[in-house]
Each structure stands twice: as structure tokens, then as C-alpha cells.
Amino acid sequence: MKSLSGKVALITGGGTGLGREIALQLADEGMQIAVNYSRSQSAAEQTIADLGELGVKATGHMADLASTEAAITLVDEVIAEYGRLDLLIHNAGVLRFDGLDTLEADHLRLQFEANALAPLLLFVGEPVVGPRSLLDPSGSTPSVGTALH
């Protein structure tokens, strides 16, 4: 029996690159996978199909994590779909920097919201409403990063 069988992982940026590889490895261990994507719908759909071929439940969840509301809602959607969440891997990331002469406040704001604020919101929910208990005490929340241009 696979040690992760029946557990559920949410992987932001899970449709492409490193997120896809993580999803495939976890599915190979029996984990059910919620794949988050923002712009790469067709790649995410292919990843979900590939995960299904490994015999696990896999679903796609479109959410732009630079949006506070989308980040908060994403975890709620996954828990509603699967009834639990055991592992959250924040792999989605944004990097836009072509030099100081082209640096704009909007780019910095986008990077902060997607790379720093989103992981916090995914884990704790809306601070104004009150924290949610996202993971059971044996859960994990690793954060890995990739750069997008």
C-alpha cells in the first residue's frame, strides 16, 4: 500500500514545470491532486489527464493568486471538492524584473501579492474573518519557488 494513498495535495502552479513533476510524483504515491493554474489551462488539463492515468483523482482549479479573493477561495474549493487537504505546495510564482530603469510599482505589487501574500492567505484564510484550521497537525506546507517572466 502506498503511504500517501487517499491523502489530498493542492499544488499551486501544478500544471507545468516543477509543479507538474511534483504532482506526478505525489500521484505515483497514491495522493489525490488539486492542480491550480492561472494562465496555462491546456497544460493543466493535460497534467490532470496524466494524473488520472496513474489512478488518482485529480481536478483543476483556476485562480490568479495575485488576487486576494482568489487565493482565499482556492483552498475552500479544494476542501469542498475532496473533504480534506493534507498537503499544500505553493509553487506558483511571479518574477518581473528587467532592470531598475523599467521597474514599476505595479510589477512590485503583483510580485508581492503572488509570492508573499498568497501563501499566507492560502494557509490562514482571510485574517479579518479569522483564521481557518487548514491542515491537521500532521499536515505540511512546503513552499517552493519558480520564476516566471
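Which residue forms a salt bridge with E81? In this predicted model, the partner of E81 is K57, and the closest N and O atoms of the two lie 3.1 Å apart. The pair links distant parts of the chain, since E81 belongs to helix α3 (residues 68-82) while K57 sits in the loop between α2 and β3 (58-62), 24 residues away. Both ends of this bridge have some access to the surroundings: E81 is partly exposed, with a relative accessible area of 39%, and K57 is partly exposed as well, at 34%.

As general background, side chains of opposite charge can pair when their charged atoms come close. The count for this model comes to 4 salt bridges, and two further examples are worth a visit.

One of them joins R20 and D50, whose side chains meet at 2.7 Å, N to O. R20 lies in helix α1 (residues 17-28) and D50 in helix α2 (residues 41-53), so this salt bridge ties together parts that are 30 residues apart in sequence. The two partners fall into separate exposure classes: R20, with a relative accessible area of 22%, is partly exposed because its value is not under the 20% limit for buried residues. D50, at 16%, is under that limit and is therefore buried.

The helices that carry this pair also pack against each other. Two packed helices are described by the angle between their axes and the distance between the axes. For α1 and α2, the angle is about 15° and the axes are 10 Å apart. An angle under 35 degrees counts as roughly parallel, so α1 is roughly parallel to α2. Their crossing is right-handed. On the α1 side, the contact involves R20, A23, L24 and A27, which meet Q46, T47, D50 and L51 of α2. By character, the residues of this contact divide into 4 nonpolar, 2 polar and 2 charged. R20 and D50, already introduced as salt-bridge partners, thus appear again among the residues where α1 meets α2.

The next example stays inside a single helix. The side chains of R109 and D106 meet in a salt bridge with an N to O distance of 2.8 Å. Being 3 residues apart in helix α4 (residues 105-124), R109 and D106 are separated by about one helical turn. R109 is partly exposed, with a relative accessible area of 45%. For D106 the value is 52%, and because exposed means over 50%, D106 counts as exposed.

Note on methods. Residues numbered from 1 in each chain as written. Predicted model: local features only at pLDDT ≥ 70, side-chain atom pairs only at ≥ 80, totals over all residues. Heavy atoms only, no water. Helix = DSSP H or I, 4+ residues; strand = E, 2+ residues; numbered from the N terminus. Buried < 20%, exposed > 50% of the residue type's maximum accessible area, 1.4 Å probe, protein only. Axes fitted to C-alpha atoms, helices over the stretch in contact; angles between N-to-C directions. Parallel < 35°, antiparallel > 145°, perpendicular 65-115°, else oblique. Left-handed = near helix turned anticlockwise from the far one by under 90°. Contact = heavy atoms within 4.5 Å. Nonpolar A, V, L, I, M, F, W, Y, C, P; charged D, E, K, R; others polar.
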